[in-house]
Amino acid sequence: MSSGTGMRIVVTGATGNVGTSVVRLLSEDPEVASVLGLARRIPDWSPPKTDWSAVDLASEQSDLTEQFEGADAVVHLAWAFQPTHDPAATWRTNVLGSMRVFDAVAAAGVPALVHASSVGAYSPGPKDRAVDESWPTHGWPDAAYCREKAYLERALDTFERDHPETRVVRMRPAFLFKWESASEQRRIFGGRFLPGPLARPELLPFLPDIPGLRVQALHTDDAANAYRLAVRSDARGAFNLAAEPPVDAQVLGEMLGARPVRLPRTAARSAIAAAWGLHLLPASPHLFDAVLRLPLMDCTRARAELGWRPERTATEVLEEFLQGLQQGGGARTEPMRGRKVG
């Protein structure tokens, strides 16, 4: 492990979309002496002050306490989105694996735990106004992603009660994108064989305008900066993270030069359900149901207590992501490998 005066940070899920940005920003921070990245597969990528360890959170054999010994903070990002047809498998990694992380943080006496929650943890909420971090976090029960994020919110409630000496931060970001994440997210949500080059505005004769489809987006690097600020601060509790403006068919239509056309929810859901049932689409109709019900988030607390502000607008984020889809954007880790299809 790297030596020096400064903080020692451990990051789980360090090779994914958020992990690569968090590791890079921490490695560049003069107040951080060393970063230990945990991932199932060690990457061909090594930023300054960074070491790697191969760990599978789904395995009961993983000795996380040993990995966490002497750390000033653990940033827990590890998450499995698939297989969506086997919710027991994602539960083992996401929920049981997270519980192992929490237990190891306590056993190793780590002073701070920064956990990746999500807008997906929130109960259904309004689309015409923003809610703060006090909005209920019971998720949308039919979607595995939301169910698991909400369950871990309750697990952290218990953890904080039993371990008041540990500073716990819960990050609740909007949808996170960057150029390098394009290939990974295409595989996760669109399927391995969806041609990225088709993501060109001129190929869109119209844009589906689905009632309730109004969400928030954020650049992954901006989210990672919030994690970095949380590690370095004394902040506790939950923080919403999102960029402006909220994204709907009108915003996308102006950005892409496409005409929004109203499409009933039932028609859109039926198409997604059919493709998912035939294993043609990894994203489930249950997640689509949840997205239509997600509230818009107010990020005042992150600005006031962390001094955080996103550097990119939501439209800039999506423009960069679309370029990544067209160009096969990726990074030098196994989850983030770039690939063009078509």
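The second largest pocket of this predicted model has a volume of about 250 Å³, and its lining is made up of 23 residues, among which Phe 81, Thr 84, Ala 144, Tyr 145 and Ser 284 lie nearest the centre of the pocket. Four elements each give two or more residues to that lining, namely α3 (87-108), α4 (144-162), α5 (182-190) and α9 (285-291). Of these, α4 gives the most, with four residues. When the lining of the second largest pocket is divided by class, 14 of its residues are nonpolar, six are polar and three are charged.

Two of the helices that line this pocket, α3 and α4, also meet each other. Two packed helices are described by the angle between their axes and the distance between the axes. For α3 and α4, the axes come within 10 Å and cross at roughly 20°; because angles under 35 degrees count as roughly parallel, α3 is described as roughly parallel to α4. The crossing of this pair, α3 with α4, is right-handed. On the α3 side the contact is formed by Pro 87, Thr 90, Trp 91, Asn 94, Val 95, Ser 98, Met 99, Phe 102, Val 105 and Ala 106, and these meet Ala 144, Arg 147, Glu 148, Tyr 151, Leu 152, Ala 155, Leu 156 and Phe 159 on the α4 side. By class, the residues of the contact of α3 with α4 comprise 13 nonpolar, three polar and two charged. Ala 144 therefore appears twice in this account, as a residue of α4 that takes part in the contact with α3 and as one of the residues nearest the centre of the second largest pocket.

A second helix pair is formed by α1 (residues 17-28) and α6 (residues 220-232), whose axes come within 8 Å and cross at roughly 55°, so that α1 and α6 are oblique to each other. The crossing of α1 with α6 is right-handed. In α1, the residues Asn 17, Val 18, Ser 21, Val 22, Arg 24, Leu 25 and Leu 26 take part in the contact, and in α6 they meet Thr 220, Asp 221, Ala 224, Asn 225, Tyr 227 and Arg 228. The contact of α1 with α6 divides into six nonpolar, four polar and three charged residues.

Turning from the pocket to enclosed space, a search of the whole structure finds one cavity of 30 Å³ or more. The largest cavity has a volume of about 50 Å³, and its lining consists of Val 119, Ala 174, Phe 175, Arg 214, Val 215, Gln 216, Leu 294, Pro 295 and Met 297. Seven of the residues in this lining are nonpolar, one is polar and one is charged.

Some features of the backbone in the loops also deserve a look. A cis peptide bond joins Gln 82 and Pro 83, with omega of about 5°, and Pro 83 is found in the loop between β4 (73-76) and α3. Another cis peptide bond runs from Glu 244 to Pro 245, where omega is near 0°, and Pro 245 lies in the loop between β11 (237-241) and α7 (249-256). Lys 49, although it is not a glycine, has a positive phi of about 65°, and its place is in the loop between β2 (32-39) and β3 (50-54).

Conventions:
Residues are numbered from 1 along each chain as its sequence is written. This is a predicted model: local features need pLDDT of at least 70, side-chain atom pairs count only at pLDDT 80 or more; totals for chains, interfaces and linings use all residues. Side-chain values use heavy atoms; hydrogens and water are left out. On a 1 Å grid over the protein atoms alone, a cavity is a set of points where a 1.4 Å probe fits but cannot get out, and a pocket is an open set with protein on both sides within 12 Å along at least five of seven lines; lining residues have an atom within 4 Å of a point. Grid points are joined across faces, edges and corners, and a volume is the space filled by probe spheres set on the points. Ala, Val, Leu, Ile, Met, Phe, Trp, Tyr, Cys and Pro count as nonpolar, Asp, Glu, Lys and Arg as charged, and the others, Gly among them, as polar. Axes are lines fitted to C-alpha atoms, for helices over the stretch in contact, and angles run from 0 to 180 degrees between N-to-C directions. Angles under 35 degrees count as roughly parallel, over 145 as roughly antiparallel, 65 to 115 as roughly perpendicular and the rest as oblique. A crossing is left-handed if the near helix is turned anticlockwise from the far one by less than a right angle, and right-handed if clockwise. Contact means heavy atoms within 4.5 Å.
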